[in-house]
Structures are given as structure tokens and as C-alpha cells.
Amino acid sequence: MPKSKRDRPVTLSKTKKKGREHKEIIVNGIREAVEKYSSVYVFSFENMRNIKFKEFRQQFRHNGRFFLGSNKVMQVALGRSASDEMRPGIFKVSKMLRGDAGLLVTDMPKEEVESLFNAYEDSDFSRTGSTAVETVELKEGPLEQFTHEMEPFLRKQGMPVRLNKGTVELLSDFVVCEEGKPLSPESSRILRLLGIKLATFKLNLVCRWSPSDFELYREGLDLSDFLNIVLFTRVMLVRFGSCFALGCFISKIPNYHRDFPILLHY
């Protein structure tokens with residue numbers, strides 16, 4: 001029997017793309033905030049958690065606005081160079097929007113902003129794929145923190161366990177995760193069951209702009225940034241050739257006129 005053309009599967013998860021209009025809303029929002037408030041900060045974040053970030057934002061709800069999104073869109077809003085910047089010197093801020101970064105536009109005094117960012121740090125459970133910051137190992141013996149109903153679930157996570165008189169018993173030493181290695185789905189579930197929080201949600205100030213000055217809090221490249229740039233350049237080398245890859249490498253380095261001779265030693 002021929003297949004009916006009317007019987008077509010419908011994807012319920014299909015969503016519309018955020019097009020040019022959405023980007024223009026973000027650009028206009030950033031420009032309005034920069035005109036309204038006196039200072040602009042770039043911050044980076046580690047192990048972002050939406051609920052915790054919303055709690056942190058509440059401290060600025062009366063005198064500031066946060067912006068998270070595409071770095072390129074935020075750079076366009078501020079101006080990528082001195083020729084198209086919206087306010088004098090603010091293009092330096094757009095140069096610092098790299099990786100996991102966001103904008104804070106506020107009237108709050110500099111000292112108070114620095115104090116809030118430096119003091120904020122919150123632990124949470126690590127997610128699948130994140131890098132373990134320490135090795136967690138369980139020793140052979142009874143696991144009294146788990147009830148007998150959990151024994152089948154623990155076995156599914158790869159743990160060598162059995163029931164011994166109604167108590168979950170570990171048959172041999174078991175390494176949940178190793179420092180420096182990515183977490184598997186099973187490892188992240190076991191850590192959550194054990195109540196071990198290895199991830200730290202932290203916000204770091206990168207730079208500050210005001211009409212009178214520009215201040216850098218974190219200068220130059222750290223090793224992880226440099227390794228990411230090297231990996232990106234190798235991909236460009238394979239796909240497009242040596243000259244294009246070298247141009248990409250140099251363009252990715254902040255303050256490359258100063259840092260490039262030093263980085264050649266790597």
C-alpha cells in the first residue's frame with residue numbers, strides 16, 4: 001500500500017530562530033543602558049548557574065543592568081573600533097568580550113561593585129563533561145548513606161555493590177572521578193547522591209570603563225586562553241592554509257603587538 005502523504009511527523013520541539021530583530025533589541029538595550037548609567041564592566045564567569053546568577057543580579061536591580069548573549073552582538077552595540085564606538089574610549093571594552101563573558105552597566109560606586117563580585121562564590125554539583133577538580137574515591141565496605149532500594153540504581157552507574165543484610169556494600173574500592181578528567185554522566189550522578197559539590201560558580205571582573213578612565217582587572221592571556229587559540233589556529237591551518245591561520249592567530253591575541261614576541265617562545 002502506498003505511503004500516505006498526509007501522515008507526516010510533526011516535531012513538537014521546533015522553535016523559531018532569533019533573527020535580526022532580536023539582535024537589534026539587544027543592541028538598542030545596551031546602547032540605552034550605556035547612555036543612562038555611568039560605568040560599564042566586563043565580567044567573566046565559571047560554571048554558570050541561572051538561578052544563582054538571578055539571585056546575584058537582584059543586588060543591582062535598582063541601579064544597573066546585566067547583558068549576556070553573543071559577544072559579537074555586544075561588541076557591535078559598543079563599537080568594535082575607535083571609528084564606530086558609541087562613546088569615547090568604550091571600544092576598549094568590546095575588545096575584552098571573549099569567551100564566557102557578559103556586561104554590567106551601572107551607577108553603583110566602583111568599590112561597591114568590586115566588593116560584591118569579589119565576595120560572591122557559590123558551590124554546586126558538577127555537571128556531565130565538566131573537569132573534576134579533585135579525585136573522589138570510595139573505599140570497600142558498607143555504604144550506610146544509601147538505602148537498600150538504591151542498590152539496583154548504583155549498580156547501573158557502574159558501582160560494584162551488593163546487598164548484605166539490607167545494607168548496601170561496596171565490594172571493592174571505586175574511583176568516582178579523577179582530577180583533571182571530564183565527568184561522565186554516571187560520575188556526576190554519584191557525586192550528587194554523595195552530596196559532593198565540586199563546581200564553583202564565580203564571577204570575575206575583567207575591566208571597567210567610565211567617561212573619565214579605563215581600568216583592566218585581568219591583563220594578558222592565561223594558559224587556557226592561549227591553548228584555545230592554538231587549537232583554533234590549527235583548525236584554520238588545516239582548512240585554509242598557513243597565511244590565513246597566522247592572521248587568525250594574531251587577531252585572537254589581545255594586545256598582540258606587545259604579547260606576540262613573547263608567545264612565540266611557546
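What follows is a conversation about a predicted model, with each reply working towards a single name or value.

Biologist: How many disulfides does a search of the whole structure find?

Modeller: A disulfide is a covalent bond between the sulfur atoms of two cysteines. Two of the cysteines here can be described by their accessibility: Cys177 is buried, with a relative accessible area of 4%, and Cys207 is also buried, at 0%. For a pair to be counted, the sulfur atoms would have to lie within 2.5 Å. The number of disulfides found in a search of the whole structure is zero.

Biologist: Is Asn204 buried or exposed?

Modeller: Asn204 is part of strand 10, which runs over residues 199-210. Its relative accessibility is 15%, and the word buried applies under 20%. Asn204 therefore counts as buried.

Biologist: With which side chain does the side chain of Asn204 make a polar contact?

Modeller: Setting aside residues up to four places away in sequence, Asn204 touches Val42, Phe43, Ser44, Glu46 and Arg218. A polar contact needs a pair of N or O atoms within 3.5 Å. At 3.0 Å, the side chain that makes such a contact with the side chain of Asn204 is that of Glu46.

Biologist: How far apart in space, C-alpha to C-alpha, are Asn204 and Ala101?

Modeller: Ser44, a residue of strand 1, counts as buried at 13% relative accessibility. Apart from its neighbours within four places in sequence, Ser44 is in contact with several residues, including both Ala101 and Asn204. Along the sequence, Asn204 and Ala101 are 103 residues apart. In space, their C-alpha to C-alpha distance is 9.3 Å.

Biologist: What is the phi of Asn47, and where does this residue lie?

Modeller: Most residues other than glycine have a negative phi. Asn47, which counts as partly exposed at 33% relative accessibility, has a positive phi although it is a residue other than glycine. Asn47 lies in the loop between strand 1 (39-46) and helix 2 (50-57), and its phi is near 55°.

Biologist: Which loop holds Lys165, a residue that has a positive phi although it is not a glycine?

Modeller: The phi of Lys165 is about 55°. Lys165 has a relative accessible area of 84%, and since exposed means over 50%, Lys165 is exposed. The loop in which Lys165 is found is the one between strand 7 (161-164) and strand 8 (167-170).

Conventions: Residues are numbered from 1 along each chain as its sequence is written. This is a predicted model: local features need pLDDT of at least 70, side-chain atom pairs count only at pLDDT 80 or more; totals for chains, interfaces and linings use all residues. Side-chain values use heavy atoms; hydrogens and water are left out. Buried means under 20% relative accessible area, exposed over 50%, partly exposed in between (1.4 Å probe, protein chains only). Helices (H or I, at least four residues) and strands (E, at least two) are DSSP runs, numbered from the N terminus. Contact means heavy atoms within 4.5 Å. A polar contact is a pair of N or O atoms within 3.5 Å; within protein, one must be able to donate a hydrogen and the other to accept it, and residues adjacent in sequence count only if both atoms are side-chain atoms.
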